[in-house]
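Reader: Hi! Could you pick one part of this model and take me through it closely, and then show me what surrounds it?

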Amino acid sequence: VESLESGAVRPAAAAGAVAPYVVTGFPAVHAADPVTLRIAGTGVNAFNELAQKAKEDLGFNIQYITLTSDDVVKRAVTQPNSFDMLDSEYWMLAKIVPSGNLLGMDAKKIKAYDKIVPIFTKGTLPNGKAMSRQGTAPIKVAYLEEQKSKKFASEPSQWVTVIPTVYNADTLGIRPDLIKRPITTWADLLSSEFKGKSAILNIPSIGIMDAAMVCEAMGEVKYGDKGNMTKEEIDKTIAVLTQAKKDGQFRAFWKEFNESVNLMASGEVVIQSMWSPAVTAVRQRGVPCVYQPLKEGYRAWASGLGLPSHLSGKQLDAAYEFINWYLSGWAGAFLNRQGYYTAVLETAQANMSANEWNYWMEGKPAAEAIVSPTGQKIEDPGAVRDGGSYWDRMGNVTVWNAVMDEDRYMVRKWNEFIAA
């Protein structure tokens, strides 16, 4: 990898080309006494292929416990002994850490720690440009004061809350074949043109962010920080949504990944809140779907692997081993092909072809067909990634998924909107 500081990453020469930093030497010594790691999370990273590869390389059994976003938080706070690793989004940490159920991870035990993109360690892009701090920016919740602490550290420390696995810049998904005009603004989600054919995500902490992007784009609400609204700002936002609902704007309020895929693939919905792998899944069905860049920028999120405070001995050692494996490249390349971004760019690059890296990370036209992580063709030669390069997408993040100071009030008002 050449000059990450410049913001330009030189593609690997060929598939499997070795970047200068590759983690090796995982001891596959667990076959006789197999370890099972139970990973509780939302399922965005719960791919059988990752579990199978980890078993090949490490000898571990990976058991995914897939939950809704809100249930991940509930499980972490109320049943921490029911899993061995937590796959948490960063915004959830504001609810989980005060419980004392998360063990600060020792940065010194993470082999590629100094290679993690500085979004998570310094709050900047790799080229030094500061990231938006609206919402729960990862840097705000990245460190603990001590290994066993209920408080976040204000400065980087040795004790890390979670090690980032994937992150992305989210926007609206659209069906270009059914819309037939350019979509350039978040405000289009509530355009009367798409009455009865739009949908919004019904996870309050995330849906309210999409709503804020829409309301601000419409000029209906001006926010101090969209990721930490006042009660007045929440009220104004919910009022806009409720009126749109009463006018018949929304076809659905989805909570689960597959719902969003089916709504879009069927054509019942033509514009909606969406996640990148859902766009990929629609395309895998041969249906046109675009993750549309919008002039107001992106709503970003990030997930990471954390350790419950009860973990010890062999299970704790295995968890560190799994995290080091996760950052070593194969998993990162797999997840990049899903449309996500990974925590250590150069090890992922070493496991991708030049064509894949150019398409997914550099925003360049595909020289050959682009395939999904599971091998299905999703783009023809000449295609360019929606939104362009890593720098164009992550460099235009406006707000991060968040837990607000007025979270309880916001959730109550959101539920009133859903029930209206």
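Author: Happy to! One definition helps before we start: two strands count as paired if DSSP finds at least two bridges between them. Please keep in mind that this is a predicted model.

Let's take strand β13, which covers residues 298-308. How many of its residues are buried? Eleven of the eleven are buried, so β13 is largely enclosed by the rest of the structure.

Its strand partners make a good starting point. In general, strands of a sheet pair through backbone hydrogen bonds, either parallel or antiparallel, and β13 gives examples of both kinds. With strand β7 (residues 163-170), β13 pairs in the antiparallel sense over seven bridges. Within that pairing, Pro164 of β7 faces Gly304 of β13. Strand β3 (residues 85-89) is also antiparallel to β13, this time over four bridges. Here Gly304 turns up again, as the bridge partner of Ser88, while Asp87 has Leu305 as its partner in β13. Strand β4 (residues 102-103) is another antiparallel partner, joined to β13 by two bridges; Leu103 stands opposite Leu307 there. The parallel example is strand β17 (residues 397-400), which shares three bridges with β13. In that pair, Arg299 is matched with Val399 of β17.

Now step across to β3. This strand is mostly covered, with five of its five residues buried. In a regular strand the side chains alternate between the two faces of the sheet. In β3, Met85, Asp87 and Glu89 point one way, Leu86 and Ser88 point the other way, and all of them are buried. Besides β13, β3 pairs with strand β1 (residues 36-41), in the parallel sense and over three bridges. One matched pair there is Ala40 with Leu86 of β3.

Leu307 leads us from the strands into the interior. In soluble globular proteins, nonpolar side chains tend to be buried together. The largest nonpolar core in this model has 113 residues, and Leu307 is among those with the most contacts inside it, along with Ile119, Tyr167, Phe322, Tyr390 and Met394. Helix α9 (residues 313-326) gives the most to this core, contributing eight residues.

What does Ile119 touch? Leaving aside residues up to four places away in sequence, it contacts Thr124, Leu125, Met131, Pro138, Ile139, Tyr167, Tyr390, Met394 and Trp400. Leu125, one of those neighbours, sits in the loop between β5 (105-106) and β6 (159-160). Although it lies in a loop, Leu125 is buried: its relative accessible area is 2%, and the cut-off for buried is under 20%. With the same sequence neighbours left out, Leu125 touches Pro118, Ile119, Met131, Tyr390, Met394 and Gly395. Its contact with Tyr390 spans a long stretch of chain: the two are 265 residues apart in sequence, and their C-alpha atoms are 10.0 Å apart in space.

Helix α9 has a helical neighbour that is worth a look too. Helix α1 (residues 48-58) packs against α9 at an angle of about 110°, with the axes 11 Å apart. That makes α1 roughly perpendicular to α9, and α1 passes α9 in a right-handed crossing. On the α1 side, the meeting residues are Leu50, Lys53, Ala54, Asp57 and Leu58; on the α9 side, they are Glu321, Phe322, Trp325 and Tyr326. Phe322 therefore appears both in this contact and among the core residues with the most contacts.

To finish, a look beyond this region. There is an open sheet of five strands in the order β10-β9-β11-β8-β12, with mixed pairing. Its edge strands are β10 (250-254) and β12 (290-292), each pairing on one side only, and the twist averages 25° from one strand to the next. Strand β8 (residues 172-174) runs antiparallel to β12, joined by three bridges, and Leu172 stands opposite Gln292 of β12. Helix α7 (residues 257-266) packs on this sheet, touching β8, β10 and β11 (271-273).

Methods:
Residues are numbered from 1 along each chain as its sequence is written. This is a predicted model: local features need pLDDT of at least 70, side-chain atom pairs count only at pLDDT 80 or more; totals for chains, interfaces and linings use all residues. Side-chain values use heavy atoms; hydrogens and water are left out. A nonpolar core is a set of buried Ala, Val, Leu, Ile, Met, Phe, Trp, Tyr and Cys residues joined through side-chain atoms within 4.5 Å. Buried means under 20% relative accessible area, exposed over 50%, partly exposed in between (1.4 Å probe, protein chains only). Contact means heavy atoms within 4.5 Å. Axes are lines fitted to C-alpha atoms, for helices over the stretch in contact, and angles run from 0 to 180 degrees between N-to-C directions. Angles under 35 degrees count as roughly parallel, over 145 as roughly antiparallel, 65 to 115 as roughly perpendicular and the rest as oblique. A crossing is left-handed if the near helix is turned anticlockwise from the far one by less than a right angle, and right-handed if clockwise.
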